[in-house]
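User: I've got this model open on my screen and I'd like a close look at one part of it. Could you walk me through a single helix and what surrounds it, then point out a few other spots?

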Amino acid sequence: MSLTAWAILGAGCDAQTSNPRDAAAAGGAPPAVAAPPGPLQVGGGVSDPDARLFYQRRGGKSAWTPAQAKALTNSFADARRHGLNPAAFAVKRTSGDDPDQQDLALTLAAFRYARALAFGFVDPRRIEKVFTLEPNRIDLAAGLEQALAKADVPRWLTSLPPSDSEYQALSAAYLAAADVAAFIKDPVARCQTPAEPSAPVPATPAQSPPPEAAPSQSPSPPAQPEQSVSPAQSAPAQGAAPSQEATVQSPIPNAAPEQAASAPAPPTTAGLSRGYRARQLAANLERRRWLNRSPAATRIDVNTASCTVVYLRSGTDPWAARMVCGKIGHETPSIQGSFHRLVANPPWRVPMDIARREIFTKGRGYMRREQMHVVNGRVVQRPGPHNSLGSVKFDVDDPYEIYLHDTPSKSLFALPERHKSHGCVRVQNAVGLARLIAQQNGRLDAFNKALASGKTGSVDIGEAIPVRLLYHTAFADEAGQITFAPDTYGWNDKLATALGLGPAQAAAHRDEPDVDVGP
């Protein structure tokens, strides 16, 4: 791990092309635009990169007719359904009657709104110290040029945000959660409204899946600590089942029978005010806009808010399970990587921070019992029953040494609150997932042999499987039911404030004590 990565993350496990986001809200009515009499040298010296490229491609000619200017400004009202404030995109007034400046003001407003829809209104790095999820990619300058040529700027704008059914369901739920106009006018007051009781959501009985040794692709829905809002309570989803673009977040555990039986029943939505729900929904809409619209069909999505993981592969049912991720102070970052090998019986190279605070202080006797020794100044835990990585590690390639792995502390999966690790992701039934992936790639015999040997061995699976670590506190199922997870890290409260929804009375998050020394 590099010193920079270590400084950013603290203790890890083993030790977007930026798009400009102009978040300044501009007031005032759009200026009247006269029909251009001829070529104008517009955009000279402008700092906005999209506007500069747009006018360079046009040879400095003006772009907007009165009808197109009106269509643009009317489109800003649709920002509400995306959890955005239309006032943030108002065309800035210009001094005098300079048609060049009026044309440029319209273009800048168009790109300001287009960027918010295509890439997000807030730069994610303002919210999280580390953010490496693959962003959306689109040539906005070319898109606006084509839209103006077709005299259909509104249609182009509506094509920019995510179009999957989950995004539509979140948008509908946001509009239903609050009087949006009042919410935007006085967001603080809306967020301080008292909690509104809702009908409890009955628990779905968990079924006993196969033993951990057997791969399972369609585990049963669990009892979860998240809070759900039925379609009647929020709003119905539009469209069909989630497409490839949708982020599958349904918390379906691949649990052992005794763990499923001990799982807590889900609470009701009685603790969530409409103002709180609206803030969380707006933040989650923004988080979807941050993402690439066409993620790999085969991938693993980890939701660090709900502490769930899902493995997706074309032509197969999703494999999903609970997981344990970083506690407060060791937050699991929103990053993306991939792995092409499974490590059976991995050793654990303990990060120096954990070694200093939690291992050296316990003395040599503790290290002997836990099969730990020092190699070249680094504490290493030998493979075996007590190894903190368990029986398998999914060797994700990322600069922060955050990866997925098994764990001997399996009782943690039955807890309603599973932010307990030092940053890595402990996967329930990790061996079952590893066997499933190995089987799909014709490497099951090799993995089983490596596992049975008791020695460390790597099995190349013949493909790189992307892994995305997401932080989604609201998500929708195929029926349009919205589930809320706690904003444990406080990131979405911060994001909602950056979106212009005002400060909220967020509950203080206290540091959790260490449950073990594992990553």
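What is the phi of Gly 454, just after α15? Please start there and then look closely at α15 itself.

Analyst: Gly 454 has a positive phi, about 75 degrees, and sits just after α15. Keep in mind that this is a predicted model. Its mean pLDDT is 78 over the protein chain, with 70% of the residues at 70 or more. Residues 14-40 are a stretch with pLDDT below 50, though the model still gives that stretch 80 contacts beyond near neighbours in sequence. Residues 183-226 are also below 50, and there the model has 125 such contacts.

Now to the helix. α15 covers residues 444-453, and Phe 447, Ala 450 and Leu 451 are its buried residues. These three sit on the same side of α15, because the arc they cover around the axis is only 100 degrees. The spacing fits a general rule: an α-helix has 3.6 residues a turn, so residues three or four places apart point the same way. Turn α15 around and you find Asp 445, Lys 449 and Ala 452 exposed on the other side.

What do the buried residues of α15 pack against? Two of the partners are strands β5 (336-344) and β9 (392-394). The others are α14 (430-440) and β13 (457-470).

That's α15, so here are the other spots, beginning with a set of packed helices. Such pairs are described by the angle between the two axes and the distance between them. Helix α4 (residues 99-118) and α5 have axes that come within 11 Å and cross at roughly 120 degrees. That angle makes α4 oblique to α5, and the crossing is right-handed. On the α4 side, the contact is made by Thr 107, Ala 110, Phe 111, Ala 114, Arg 115 and Ala 118, while α5 brings in Leu 140, Ala 141 and Leu 144.

α4 also packs with helix α2 (residues 49-57), at an angle of about 125 degrees and with the axes 9 Å apart. α2 is therefore oblique to α4, and this crossing is right-handed. From α2, the residues making the contact are Asp 50, Ala 51, Phe 54 and Tyr 55. From α4 they are Asp 103, Leu 104, Thr 107, Leu 108, Phe 111 and Arg 115. If you click on Thr 107, Phe 111 or Arg 115, you'll find them in the α4 contact with α5 as well as in the one with α2.

Follow α5 to its end and you come to Ala 149, which belongs to that helix (residues 140-149). Ala 149 counts as exposed because its relative accessibility is 66%. Its C-alpha atom is 9.3 Å from that of Ala 63, a residue 86 positions away along the chain.

A little further on, Ala 151 lies in the loop between α5 and α6 (153-158). Ala 151 isn't a glycine, yet its phi is positive, about 55 degrees. With 56% relative accessibility, Ala 151 is exposed.

One more residue to put beside Ala 151 is Asn 376, another non-glycine with a positive phi, this one near 50 degrees. You'll find Asn 376 in the loop between β7 (372-375) and β8 (378-381). Asn 376 is exposed too, since its relative accessible area is 80%.

How values were computed
Residues numbered from 1 in each chain as written. Predicted model: local features only at pLDDT ≥ 70, side-chain atom pairs only at ≥ 80, totals over all residues. Heavy atoms only, no water. Helix = DSSP H or I, 4+ residues; strand = E, 2+ residues; numbered from the N terminus. Buried < 20%, exposed > 50% of the residue type's maximum accessible area, 1.4 Å probe, protein only. pLDDT = per-residue confidence, 0-100. Contact = heavy atoms within 4.5 Å. Arc of directions from axis to C-beta. Axes fitted to C-alpha atoms, helices over the stretch in contact; angles between N-to-C directions. Parallel < 35°, antiparallel > 145°, perpendicular 65-115°, else oblique. Left-handed = near helix turned anticlockwise from the far one by under 90°.
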